[in-house]
Each structure stands twice: as C-alpha cells, then as structure tokens.
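I opened this notebook to record what I looked up, entry by entry. The order follows my own reading.

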Amino acid sequence: MNNIVKMFLNLVVIGALSGVILSGVFGVADPMIKANKEKELKEAIFVVLPGAKDFKVLEKTVGQEKLIVYKGIDENGAPVGVAFKADGGGFQGNIGLMVGLDTSYLKLKAVEVLEQLETPGLGDRIREEAFKDQFKGLEVKPKVEYIKYRKPEKPNQIQAITGATISSEAVVKNINRAVEKVVANFPAEEITRAEAAPEKVAPKESGNGK
Amino acid sequence: MDQKTLDTKEIKTAPTPEPPSQAATKLVVSSSPHFLNNESVPKIMHNVVTALLPATAASVYFFGWRALLLIIVCVASCLLTEYAFQKKRNKPIKIYDGSAIITGMLLAMTLPAGFPIFGAVLGSVFAIGVGKQLFGGLGFNIFNPALLGRAFLMATYPVLTTTWVWPRTMEKAVDAVTAATPLAMAKFEGKLDVPLMDMILGNTAGSLGETSAIAIILGGLYLRYKGYINWKLPLGYLGTIAAFSAIFWLSDPTKYPSPLFHLFAGGAMLGAWFMVTDMVTSPVTSLGQWIFVIVAGILAVVIRLFGGLPEGVMYSILFMNAFVPLLNKHTRPKVFGEARAQKV
Amino acid sequence: MANNLGYEFKKGLWQELPPFRLVLGLCPTLAVTNSAVNGLAMGMATIFVLFTSNILISLVRRTISSQVRIPAYVVIIATLVTVADLFLAAVFPAISKSLGPYIPLIVVNCIILGRAEAFAQKNSILPTAADTLGIGIGFILSLTLMGTIREILGFGSIFGVKLLGSWFEPWIVMILPAGAFLVFGGLVALVNWISSRKTEKAAEAAMSR
C-alpha cells in the first residue's frame with residue numbers, strides 16, 4: 001500500500017514539475033516564436049511587393065476555405081499590389097510560395113519560395129534568383145505557362161528548369177490556381193481603394209497578421 | 001537448340017561437373033550454381049561482350065567517338081576497381097573473366113553521350129566496388145552492378161545524367177541546344193509523334209546504347225543462339241511492358257503512348273536483353289522468372305506513365321533484383337516427398 | 001575516483017561511440033546530417049537533453065520506485081526535449097526549421113533512455129555527468145563528422161563555407177537519404193577496421209613479449 005502511494009506521488013510530482021517548467025518556458029518562447037513567424041511573413045510580403053511599406057490583411061471565407069490576401073500599401077497609403085500564399089504539391093512535398101500580384105490583376109510583381117522539399121541541386125533550384133526573376137512582370141492572362149529548353153516567346157511564359165520540369169510545373173500550377181482564386185473572390189475595387197497612410201512608428205496592421 | 005527449362009531433375013544433376021565441350025555451354029542456363037563453375041565464366045562473358053558489339057558500333061555511329069571514349073573509360077575503371085579490390089582482399093585476380101568488362105560496357109551504354117569522364121569513372125568505381133565486390137564478388141551481388149552504378153550516378157548527378165545530345169545524324173534538323181528523349185517528350189510535352197523507325201534504328205536522343213533497338217536485338221539474338229539466355233526473361237519482360245501499356249493506350253491513344261513506343265523507347269530493349277537476363281541477379285526457377293519479369297514489366301510501365309521520372313526500366317529491374325533471393329527460396333521445386341514431411 | 005571519472009568520460013569517445021560502435025541513435029544520425037551545421041545542432045540539442053535528464057534521473061534515483069521509473073524518466077526526457085524544441089524555435093528559427101520533426105524525436109533517441117537505464121539510475125551525479133558528457137560529445141563528433149563528409153561531397157562546402165571550387169560537381173546523392181546510408185556504412189567499416197587493427201597490434205605485442 002505504501003508502495004502504491006509512493007508510485008502515485010512520484011508521478012504526480014514529476015508531472016506537476018514538468019507542467020510548471022513547460023508553462024514557464026512556453027510563456028517566454030511563444031511570443032518569440034510568433035514574432036519570428038511574423039517577421040518571416042512580412043519579409044516575404046515586402047519581397048514580392050517591392051515598394052510596399054505596410055500591408056492590410058483581407059480575409060474572406062469561400063465555402064470551407066479561408067482566403068487571406070495581404071494588400072500592400074506604400075508610404076502614402078496607395079495600394080501597391082496584393083500578396084498571397086500559393087501552396088501545392090511538388091515533386092516530393094509541398095511547395096509554398098508567396099505571390100505578389102499588381103493591382104490591375106494583370107501582371108505578377110514577384111514570387112518568393114517560402115518552403116519546399118524538392119531534390120537538392122535539381123528541383124530546389126526554384127529558389128534561385130534566375131528562376132524567380134522570370135516571374136517579375138509576367139502576365140497572368142490567360143494564365144502562366146512554362147516551356148522547356150527554349151527562351152520564353154510569349155509574355156506569359158517562363159522557361160522550366162532543365163531536369164526539373166515537375167518542380168517548375170508545380171510552381172506554375174500553384175501560381176495559376178492561387179491567382180484564379182484571388183481574382184475571383186476579391187473584386188478589383190477592394191484592392192485599388194487607397195488606405196490610410198501607415199503610421200511612422202510601427203506598422204499598425206502587423207499585429208493581426210496571423 | 002536443346003535448351004530446356006529447369007526442372008527438379010536438372011537442379012539435382014546440375015552440380016556434376018560437365019566437360020567443357022560445346023554441349024556443356026549449350027546447357028548453361030541462368031542459374032547461380034552453374035555460374036560458380038569457373039570454367040565457363042570467361043567463355044560466357046566473352047560471348048556477352050561480343051553480343052554488345054553491335055550496340056557499341058551503333059552508339060559510335062550515332063554519337064561519334066565520344067561514345068567510344070566513354071565506353072573505354074568505363075571498362076578501364078571497372079577493371080581497375082576489380083583488380084584493386086581483389087588485390088586488397090588477397091583474392092585471386094580474376095579480372096580476365098570478363099565480368100567487369102561487361103559491367104563497364106553496360107554502364108556506359110546507359111549514359112548520355114555528353115556525360116563527363118569523371119562521372120563515368122565514379123559510376124564505374126561504385127558499380128564494381130559497392131555493387132559487386134562489397135557483396136563478395138562475382139556471383140554474390142544482389143543487384144546488377146551496372147544498373148546500380150547508373151542509379152548512383154542518377155542520384156549523384158541528376159542534371160548530367162539527363163542532359164542528352166542529339167545524334168550526329170539529325171543534328172541539323174533541330175534548333176534546340178539540349179535534346180529530349182522520346183520518353184521525356186511524351187511525358188512532359190505530350191508529344192507522341194516520334195517516328196517509330198527512328199527509335200528502332202537509334203536515330204533519337206538518349207543513352208549511348210539504348211537508342212538503337214535493332215543493334216541490341218541483334219546482340220540478344222546472338223546470346224539466345226549461343227544458349228546463354230533463357231527466352232522467358234527478355235520476352236516475358238518485353239511482353240509484359242507491351243501488354244500492360246496496351247491497356248492504357250487502348251483507353252486513350254491520344255494521352256498514352258503505344259505499346260510499340262514503349263518497347264523501342266528508352267532502356268527497355270537493353271534492360272530486357274542484357275540486364276534482366278543477368279545470370280547472377282535473376283531467379284533460377286521457372287516460376288520465379290515469370291514473377292520476376294512480369295512484376296518488373298508492370299513496374300516499368302507504371303513508373304513511365306505515372307511516376308516522376310520519364311524512364312522506369314532501371315528501377316524496375318533493380319527493385320526486382322532485391323526479391324530474387326526470396327523468389328528463389330519460395331519457388332524452389334519440392335524434392336520428392338518434401339512437402340509431406342513439412343506438413344507434420 | 002578521478003581515474004574512474006576519466007574512464008567513464010573517455011569510453012564514450014571511442015569504445016562506446018554511440019552511432020558507430022553501439023549503433024544507437026541512428027534516426028538523427030541518418031536523417032539530419034546533410035550538413036555539418038545540422039549535425040552539430042542536432043548533437044548539441046541531444047547532449048543538452050542527455051546531460052540534464054540523466055543528472056536529474058541520477059538525483060532522484062532513490063526516490064523513484066522502480067515500477068514507475070520508465071514513465072517517470074520519459075516525462076523528464078520529454079519535458080527537456082520540449083524545452084530544447086521551444087528554445088531552438090524561438091532563438092534559432094532557421095536551424096529549427098531545417099531540423100524539423102527530428103528535435104521532438106529526441107524523446108525516442110535510445111541513447112538517452114539507454115544511458116538512464118544502464119548508468120544514471122545506478123550511479124551518483126559525478127560519474128553520471130562524466131558518462132553522459134563523454135557519450136554526448138562522442139555523439140556530437142559523430143554527427144558533425146557525418147554532416148561534414150556529406151556537406152563536402154554534396155555541396156562542396158563545409159559549415160556553409162565554399163571549400164571546393166567550381167571544378168567540383170557536387171554529389172547530390174550525399175545529401176539525399178541514400179547518401180546517409182553510404183557514409184554511415186563507410187564510417188562503421190572504418191571504425192571496425194581501426195579497432196581490429198588495434199586488437200591485432202595488441203596481440204602481436206603480447207606475443208613478442
């Protein structure tokens with residue numbers, strides 16, 4: 001009987017101590033982790049929307065899906081473009097992109113790769129500037145296309161990475177799918193409307209970026 | 001030709017040493033017990049080398065002297081690696097048995113003509129060193145060494161192993177710098193209109209020895225004539241590829257390539273005649289051989305049509321190589337009375 | 001005593017070198033060593049958990065009844081792993097991202113529970129510290145070595161610094177899972193070869209005497 005009480009106490013005390021330690025560490029670490037994610041997101045948005053100084057988060061629920069776009073504005077509050085995430089399967093796992101689209105919904109501003117698990121040295125060359133630069137100013141009407149082995153001929157074409165057609169194709173498909181969704185669900189006037197100029201000190205909207 | 005399939009009787013009589021006469025060579029079938037009999041090894045191997053000569057000649061014709069250089073480099077590195085391992089392990093030096101020459105030639109056959117020399121050396125060292133000698137040398141390797149070397153190069157230099165050049169014979173007709181194999185065109189661009197005659201002759205982009213189907217078939221028929229290969233292995237493999245791909249082709253001929261395309265494109269011919277038939281890495285028993293070739297054939301088509309890679313012959317054969325010990329064990333014909341004894 | 005401590009420390013560096021001699025802790029050894037930095041970071045996270053958890057277990061070894069010792073150890077180890085995970089995510093987000101799920105997986109690293117069962121629960125704090133530091137440093141060195149070899153061959157660099165020039169065509173296979181097995185097999189063979197040479201030499205010396 002005594003032994004059972006001892007076992008019980010052992011586990012209770014260890015469990016309680018563990019809980020105390022973890023909640024303490026979590027209390028310190030969680031804001032930092034959130035800040036890291038926030039910073040990462042912000043950097044990606046500003047990369048794909050050059051000239052943006054701040055962004056507003058626009059949310060819409062379409063069916064089961066929650067669409068989030070980040071409307072970039074410059075220092076006067078004038079819209080620069082919209083940024084949004086584009087996820088989809090690549091060769092080995094998810095390819096997560098941040099896509100920047102201009103306010104007229106005609107051209108891409110830039111594309112940034114947030115996460116990818118493609119083959120090192122082959123598919124992961126989608127992260128290289130040479131590949132990403134192809135998307136700057138690329139036309140999205142009727143849709144983005146890729147061609148192989150040759151230089152692009154049309155304003156809506158990019159050249160696929162040699163030997164990594166599947167990864168290149170996945171990027172193009174992700175962009176097309178995401179662009180289509182954003183264009184269909186966010187009317188242009190929402191995007192072109194001017195916003196209040198961002199405050200000088202800290203970006204106001206960044207707090208609810210999640 | 002008096003070659004028969006293996007049955008129980010033959011297995012039991014096989015270990016008896018046969019006089020090295022014409023009759024003996026005719027009776028050698030794909031079976032490891034025979035293979036350890038050293039007397040016949042060099043003879044078989046040199047005949048396989050002879051059988052590879054048409055494909056070698058075709059590769060030089062289509063891709064120029066660079067092809068010959070690659071073959072020589074691969075053969076030389078394979079021989080050197082074999083020699084180094086045997087020397088280091090204090091084993092008798094048996095590089096003249098020709099098995100390393102075949103590995104080198106086959107490895108070179110699977111490489112693009114523009115493949116760099118250092119890569120060819122690396123692949124050869126891996127094929128012989130890791131693929132063969134680490135397992136204990138000829139007869140003990142689980143995987144076909146040449147294919148293992150090729151798979152290693154594929155993972156090591158994914159860009160270089162898929163950077164093809166056009167054959168000299170059609171250089172002027174094409175403006176693009178980098179060539180595409182018929183399989184890659186079918187997979188990534190939906191182009192199914194490569195002339196069949198070009199693929200049979202070898203007038204397409206691809207690996208050195210894989211492009212010319214006719215040269216490989218010639219070599220394969222020579223081996224068959226000499227009695228070194230069992231008809232079941234190559235024909236079973238090719239037949240499965242044709243039959244299985246026909247199902248898809250009939251369902252939608254505009255989307256899926258025809259069975260003939262599958263047979264003459266890529267490495268199907270080379271794999272069927274020279275790699276599936278590898279005596280060390282294919283099953284001994286008749287049932288085992290059927291399972292081996294049918295599953296490998298289905299796998300090759302599945303990878304080609306639905307996998308991430310345009311070509312699936314290499315992985316299909318390597319994959320099935322891994323099952324050979326298991327197939328041999330479970331498809332072994334029962335010795336008379338054995339079944340009953342086991343039931344108790 | 002000091003002699004003993006020295007022995008407990010040193011055995012982890014060669015005699016009981018975790019991945020190559022004991023063939024323990026293979027999951028992180030194979031999974032995250034595609035660069036030297038990742039190997040080092042993984043080793044650091046592991047030694048932190050190994051050292052602190054085993055010290056704690058050694059401290060409480062008499063108060064915990066033997067029937068519940070395994071759940072108790074697991075709770076201690078899991079707590080420390082979570083602390084390490086949160087710490088990395090907060091302070092080194094890049095490393096945390098590249099190590100991914102393998103930090104939480106330290107919980108099931110058999111070196112840690114193995115040392116707790118085999119050593120910490122029978123010994124006082126000082127020998128436990130020596131033992132876990134030795135094993136842990138051996139583990140760090142092994143992982144960093146694996147990561148270094150794979151990074152040199154796979155990227156042509158070491159700790160992110162370009163080592164080999166543009167003449168070197170990187171062996172992509174080395175940063176893929178297959179490369180982990182190749183390098184691991186090679187290193188196990190090397191370690192076995194060295195130790196068999198050592199025994200041979202010792203035998204020869206004994207004979208000539």
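**Entry 1. A helix pair in chain B.** I began with α11(B) and α14(B), which are roughly parallel to each other. The model is a predicted one. I read an angle of about 10° between the two helices, with their axes 9 Å apart. Since angles under 35 degrees count as roughly parallel, the description follows from the angle. By class, the contact of these helices holds 6 nonpolar, 2 polar and no charged residues. I then listed the participants: α11(B) contributes B:A213, B:I216, B:I217, B:G219 and B:G220, and α14(B), which spans residues 268–275, contributes B:M269, B:L270 and B:W273.

**Entry 2. A glycine beside that pair.** I asked where B:G209 is placed. I found B:G209 in the loop between α10 (196–201) and α11 (213–226) of chain B. Is B:G209 buried or exposed? I noted B:G209 as buried, because 31 other C-beta atoms lie within 10 Å, and the cut-off for buried is 20 or more. Leaving aside neighbours within four places in sequence, I listed the contacts of B:G209 as B:A55, B:T56, B:S59, B:M109, B:I216 and B:L270. Two of these names recur from the helix pair: B:I216 belongs to α11(B) and B:L270 to α14(B). I also looked up B:L111, which is 98 residues from B:G209 along the chain; their C-alpha atoms are separated by 8.2 Å.

**Entry 3. Chain B as a whole.** I recorded 18 helices and 0 strands for chain B. Of its 344 residues, 49% count as buried. Among contacts in chain B with a separation of 6 or more, I noted that 71% come from residues 24 or more positions apart.

**Entry 4. The sheet of chain A.** I turned to chain A, where 5 strands form an open sheet with antiparallel pairing, in the order β1-β2-β3-β4-β5. I marked β1 (54–62) and β5 (108–115) as the edge strands, each pairing on one side only. The twist averages 25° from one strand to the next.

I then followed the pairings. Strand β2 (residues 65–73) and strand β3 (residues 79–89) of chain A are joined by 5 bridges, and A:V69 stands opposite A:F84. Their hairpin has 5 residues between the strands, and I noted a positive phi of about 90° at A:G77 in the turn. Between β3(A) and strand β4 (residues 94–102) I recorded 9 bridges, with A:K85 opposite A:M98. These two strands also form a hairpin, with 4 residues between them. I closed the series with the 6 bridges from β4(A) to β5(A), where A:G96 stands opposite A:E115.

Which helices pack on the sheet? I found helix α1 (residues 2–48) of chain A touching β1, β2, β3, β4 and β5, with its direction at about 150° to that of β5(A). Helix α3 (residues 165–185) of chain A touches β1, β2, β3, β4 and β5 too, and its direction makes about 130° with that of β3(A).

**Entry 5. Contacts with chain C.** I looked up the contact of chain A with chain C, which takes 19 residues from each chain. On the chain A side I noted 12 nonpolar, 6 polar and 1 charged residues. For chain B, 5 residues are in contact with 6 residues of chain C. The chain B side has 4 nonpolar, 1 polar and no charged residues.

Notes
Residues are numbered from 1 along each chain as its sequence is written. Chains are lettered from A and ligands numbered from 1 in the order in which they are written. This is a predicted model: local features need pLDDT of at least 70, side-chain atom pairs count only at pLDDT 80 or more; totals for chains, interfaces and linings use all residues. Two residues are in contact if their C-beta atoms, placed from the backbone, lie within 7 Å. Ala, Val, Leu, Ile, Met, Phe, Trp, Tyr, Cys and Pro count as nonpolar, Asp, Glu, Lys and Arg as charged, and the others, Gly among them, as polar. A residue is buried if 20 or more other C-beta atoms lie within 10 Å of its own, exposed if 12 or fewer, and partly exposed in between; C-beta atoms are placed from the backbone. Two strands pair if DSSP finds at least two bridges between them. Axes are lines fitted to C-alpha atoms, for helices over the stretch in contact, and angles run from 0 to 180 degrees between N-to-C directions. Angles under 35 degrees count as roughly parallel, over 145 as roughly antiparallel, 65 to 115 as roughly perpendicular and the rest as oblique.
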